[in-house]
Amino acid sequence: MIGLGTIINVSGIVVGGAVGMFAGKLMNEKLQDTLGKASGIAVLFIAIAGVMDGMLSIKDSDVVCGRSMLVVACIILGAFVGELINIEGGFERFGEWLKIKTGNAKDKSFVDGFVTASLTVCIGAMAVVGSIQDGIFGDYTTLATKAVLDLIIVMVMTCSLGKGCIFSAIPVGIFQGAITALAGLIKPLMTDAALANLSLIGSILIFCVGINLVWGKKIRVANFLPAIIFAVITAFLPINL
């Protein structure tokens, strides 16, 4: 069944959020804060691993760092476009609307939890590749694996950031569902080089999410999302960045 992968992924997020919401009620504020920072540290190291995998290579028994210009170009251009159209503001407005419509108007952490969790589970090559596999071959294996990871991530985040994290299932459903529906058109663009660029830039954005979790909201990460599009575009340029 085409689309089953996204359904499994969304279900995993909802289950993880529900478990986290129940567990969060059993914790005091200090424990929730510590757990939130622990989540941030875990996210940071997951992102660092992805960045190192994308930038470091072995040449003649030496570790070589490359693709710095790719990172600079994509991040700066992405941030410029993202700030112009204010993607973060759109996320926050949708979060505020959800907060009211779901009867959580008094929950001060709802929007922050929604935005943070959404960015964490939406960004990454697994979401794109898995959705394409699901759309073309009906193979939901990658998205099922991602569902398990997202379940754990959202469960932990919900314990510290609240029920807003559960609603990250909505942008995941829309994003992955759209890619699945358009898989035939998107697949030719997802070359090995494009996926490598997307994974590298996506890992950097996830690192930024980790910074916000550990030190409070310092970076408007959603406004960097166009960097992922530039990452794919650069894979088709005649020069290597």
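In which loop is Arg 67 found? This predicted model places Arg 67 between strand S2 (62–65) and helix H3 (68–85), and the legends below start from there.

**Figure 1. Two loop residues, Arg 67 and Asn 86, have positive phi values.**
Let us begin with the backbone. Most residues other than glycine have a negative phi. Arg 67 has a phi near 65 degrees, a positive value in a residue other than glycine. Its relative accessibility is 22%, so Arg 67 counts as partly exposed. Asn 86 sits in the loop between H3 and H4, and its phi, near 55 degrees, is again positive in a residue other than glycine. With 33% relative accessibility, Asn 86 also counts as partly exposed.

**Figure 2. Helix H10 (residues 192–215) is largely enclosed by the rest of the structure.**
Here is a helix whose length can be checked by simple arithmetic. At 1.5 Å a residue, the 24 residues of H10 should span 34 Å, and this agrees with the 35 Å between its end C-alpha atoms. Of these 24 residues, 17 are buried, which is why H10 counts as largely enclosed by the rest of the structure. Gly 216 follows H10 and has a positive phi, near 85 degrees.

**Figure 3. Helix H6 (125–137) packs its buried residues against several other helices.**
The same check works for this helix. The 13 residues of H6, at 1.5 Å each, should span 18 Å; the end C-alpha atoms lie 17 Å apart, which agrees. Which residues of H6 are buried? They are Ala 125, Ala 127, Val 128, Gly 130, Ser 131, Ile 132, Asp 134 and Gly 135. These buried residues pack against helix H1 (4–24), H5, H7, H8, helix H9 (183–186) and H10. After H6 comes Gly 138, with a positive phi near 70 degrees.

**Figure 4. Gln 176 of helix H8 is buried and makes polar contacts through its side chain.**
This view centres on one residue and its surroundings. Gln 176 lies in helix H8. Its relative accessible area is 1%, under the 20% limit, so Gln 176 is buried. What joins the side chains of Gln 176 and Asn 9? A polar contact of 3.1 Å does. The side chain of Gln 176 also makes a polar contact of 2.9 Å with the side chain of Lys 146. Leaving aside neighbours within four places in sequence, the residues in contact with Gln 176 are Thr 6, Asn 9, Ala 127, Ser 131, Leu 143 and Lys 146. Two of these names may ring a bell from the previous view: Ala 127 and Ser 131 are among the buried residues of H6.

**Figure 5. The largest pocket has no charged residues in its lining.**
Now for the open spaces. The largest pocket holds about 700 Å³ of space. Its lining consists of 26 residues, and those nearest the centre are Phe 175, Ile 179, Leu 225, Ile 228 and Ile 229. Two or more lining residues come from each of helix H4 (87–101), helix H5 (110–122), helix H8 (169–181) and helix H11 (226–234). By class, 23 residues of this lining are nonpolar and three are polar, with none charged.

**Figure 6. Helix H7 gives the largest share of the lining of the second largest pocket.**
The second largest pocket has a volume of about 560 Å³. There are 25 residues in its lining, with Ile 46, Thr 120, Leu 149, Ile 153 and Ile 206 lying nearest the centre. Helix H2 (29–55), H5, helix H6 (125–137), helix H7 (141–161) and H10 are the elements that give two or more residues to this lining. The share from H7 is seven residues. The lining of this second largest pocket divides into 16 nonpolar, seven polar and two charged residues.

**Figure 7. A search of the whole structure finds one cavity of 30 Å³ or more.**
We finish with an enclosed space. The largest cavity has a volume of about 70 Å³. Which residues line the largest cavity? The lining is made up of Glu 88, Asp 112, Val 115, Thr 116, Leu 119, Val 209, Asn 212, Lys 217, Ile 219 and Val 221. H5 and H10 are the elements that give two or more residues to this lining, and H5 gives the most, with four residues. By class, five lining residues of the cavity are nonpolar, two are polar and three are charged.

Note on methods. Residues numbered from 1 in each chain as written. Predicted model: local features only at pLDDT ≥ 70, side-chain atom pairs only at ≥ 80, totals over all residues. Heavy atoms only, no water. Expected span 1.5 Å × (residues − 1). Buried < 20%, exposed > 50% of the residue type's maximum accessible area, 1.4 Å probe, protein only. 1 Å grid on protein atoms, 1.4 Å probe; cavity = no way out; pocket = protein on both sides within 12 Å on 5 of 7 lines; lining within 4 Å. Points joined across faces, edges and corners; volume = space filled by probe spheres on them. Nonpolar A, V, L, I, M, F, W, Y, C, P; charged D, E, K, R; others polar. Contact = heavy atoms within 4.5 Å. Polar contact = N/O pair within 3.5 Å; in protein donor to acceptor, adjacent residues only side chain to side chain.
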